Amino acid sequence: MGEINSAENSIRDCVVDGNILPLTSTCNTRCVFCSHRFNPPEVRVYRIPPRTLASIKNALPFIDPARPIVIGESVTRIIEGEPFTHPEIAGILRLLRSAFPRTPVRLTTNGILLDEDMAHLLRRLGNITINLSLNCMGELNRNFLLGDNQAGAAVNSVRLLKKYGIPFHGSVVAMPHLTGWDDLENTIRYLSWHEAETLRVFEPGFSRFAPPELQFSRTLRAELESFISRLRRIINIPIISEPPFIGSLEAEVAGVIAGSPAARTGLKPGDVIMEVNGSGVNSRVQAFGRILKAANPEVAVKRGSEPPIAFCIRKDRGERSGLVMHYDLDPGLIDDMARVARRRSARTVLLLTSQLAAPVLRQGLERFWKEGADVETLEVENHFFGGSIRAAGLLTVGDMGDCLRKHLAASTTGKPDLVLLPGLAFDRTGSDLTATPYTRLEEEFGIPMEAI
């Protein structure tokens, strides 16, 4: 009963926190890179059977019609399956459109079950965007990498999306060490030819439980960066790397969606946004957010060595501009940290963060931290998952405890007044992926802590 209640609570949290509507954990592929295949046994994630229409109806009051409804995105503790395996997916989509006539729906799928009838329904319902996880194209590679013996169906789904005018974004998990660079490039080109709005290329990850054949050299990230840089010069649609290759907080435009307000304005990849409506911007996240919220925003842009250029992006308030930018840092996070330090009267602050986020956070603190308190940033290694895992959301209380013990043992200045923890690692109860609360760290070390 406890597991059932925990799963139900997680489903509710998905809807309330992220406007994410879990449907099923059933999947029709066996991806070798699936994050759930090689998890440590202590990870608390939940599998759910296909949910009934009645349970979906019960979730509707918790959905925010002002935000897109997200289906199939695996970013929660519910193991997300393939939405189109749900026997009542058509009825669910009709229900959502009836209840929320103008709310966008974003649905992630592998495309295998996206046939002519479903494409026709998606077009008729309208305002549905597909995130298509194609990953690779070749029949042998799809069978090996995804366990897919219907390669033609997934590949044909791309044609159907173009045929029916359904907006979609393509994505691939880059596994060139297994499938070769040619297959990766052919897949990206194919998605581009069929007018995907953007393409996301994910750097793969593996835990310490992954077999040797799925592991890869640490040079893969640099090789991917070079590969994507070359493709950006010959493919016209935005290609986004996940995690991004960014060296500064300059608000650089990674790409511009064809036919969008930004494209009609004349903005180009490589432009650096300096101001929005006369106010300077300090990061990509800040620039993107200001432009999204504004009607007809005026932007000042640096383009190469030219003097700043002024543009007016003709769009409504809240309408997408079509600018594509990597996620770096919201300066508001630094403000939140400062408020916590003031409230706690902390003079020394220790910020625990992931190996991926640390460089950007250090830049942000250097530029935006105005408090009198001293802040030290400490990178936490992920021993729990191990392997190549470096993301903040996959850190555990155990990882943070190991890091703190090592740091304090070597410190000559004693304990800090406050420790800030990465909020992505915890649910709304303050517990990590193993259901361990971070209050355990406060008890062990006797230091006030907050997740932020």
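## The parallel sheet

Strand 2 (residues 105-109) and strand 3 (residues 128-133) run parallel to one another and are joined by 5 bridges, and within this pair T109 stands opposite L132 of strand 3. The model in which this pairing is seen is a predicted one, and what follows should be read with that in mind. The two strands belong to an open sheet of 6 strands, which follow the order 1-2-3-4-5-6 with parallel pairing. Strand 1 (69-71) and strand 6 stand at the edges of this sheet, each with a single partner strand, so one side of each is left without a neighbour in the sheet. From one strand to the next, the twist averages 20 degrees.

Two helices can be placed against these strands. Helix 3 (residues 89-99) lies across strand 1, strand 2 and strand 3, and runs at about 170 degrees to strand 1. Helix 6 (residues 151-163) also packs on the sheet, where it touches strand 3 and strand 4 (168-173), and its direction makes about 155 degrees with that of strand 3.

## The antiparallel sheet

An open sheet of 4 strands has the order 9-8-10-11, and here the pairing is antiparallel. Its edge strands are strand 9 (279-280) and strand 11 (309-312), each of which pairs on one side only. Helix 11 (residues 284-293) packs on this sheet, touching strand 8 (272-276), strand 9 and strand 10, and its direction makes about 50 degrees with that of strand 8.

The pairings can be followed along the order of the sheet. Strand 8 and strand 9 pair in the antiparallel sense over 2 bridges, with V276 opposite S279 in strand 9; these two strands form a hairpin with 2 residues between them, and N277 in the turn has a positive phi of about 50 degrees. Strand 8 is also joined to strand 10 by 4 bridges, again running antiparallel, and in this pairing E275 stands opposite A300 in strand 10. Strand 10 (residues 298-302) in turn pairs with strand 11 in the antiparallel sense over 4 bridges, where V299 has F311 of strand 11 as its bridge partner.

## Enclosed cavities

The structure holds 2 cavities of 30 Å³ or more. The largest cavity has a volume of about 40 Å³, and its lining is made up of N135, C136, L145, V173, M175, P176, T179, D183 and L184. Helix 7 (176-179) and helix 8 (181-193) each supply at least two residues of this lining. By residue class, the lining of the largest cavity divides into 6 nonpolar, 2 polar and 1 charged.

The second largest cavity contains about 30 Å³ of space and is lined by V201, F202, E203, R221, L224, I228, S241, E242, P243 and F245. The elements that give two or more residues to its lining are strand 5, helix 9 and strand 6 (239-242), and helix 9 gives the most, with 3 residues. The lining of the second largest cavity divides into 6 nonpolar, 1 polar and 3 charged residues.

## The second largest pocket

The second largest pocket has a volume of about 320 Å³. Of the 19 residues that line this pocket, R232, V253, A254, G255 and P269 are the closest to its centre. Two elements, helix 9 (220-234) and strand 7 (255-256), give two or more residues to the lining. Helix 9 gives the most to the lining of this pocket, with 3 residues, just as helix 9 gives the most to the lining of the second largest cavity. Among the residues lining the pocket, 11 are nonpolar, 4 polar and 4 charged.

## The surroundings of S207

S207 is placed in the loop between strand 5 (199-202) and helix 9. S207 counts as buried because its relative accessible area is 7%, which is under the 20% that sets the limit for a buried residue. Leaving aside its neighbours within four places in sequence, S207 is in contact with F38, F385, G386, G387 and I389.

Key
Residues are numbered from 1 along each chain as its sequence is written. This is a predicted model: local features need pLDDT of at least 70, side-chain atom pairs count only at pLDDT 80 or more; totals for chains, interfaces and linings use all residues. Side-chain values use heavy atoms; hydrogens and water are left out. On a 1 Å grid over the protein atoms alone, a cavity is a set of points where a 1.4 Å probe fits but cannot get out, and a pocket is an open set with protein on both sides within 12 Å along at least five of seven lines; lining residues have an atom within 4 Å of a point. Grid points are joined across faces, edges and corners, and a volume is the space filled by probe spheres set on the points. Ala, Val, Leu, Ile, Met, Phe, Trp, Tyr, Cys and Pro count as nonpolar, Asp, Glu, Lys and Arg as charged, and the others, Gly among them, as polar. Buried means under 20% relative accessible area, exposed over 50%, partly exposed in between (1.4 Å probe, protein chains only). Contact means heavy atoms within 4.5 Å. Two strands pair if DSSP finds at least two bridges between them. Axes are lines fitted to C-alpha atoms, for helices over the stretch in contact, and angles run from 0 to 180 degrees between N-to-C directions.
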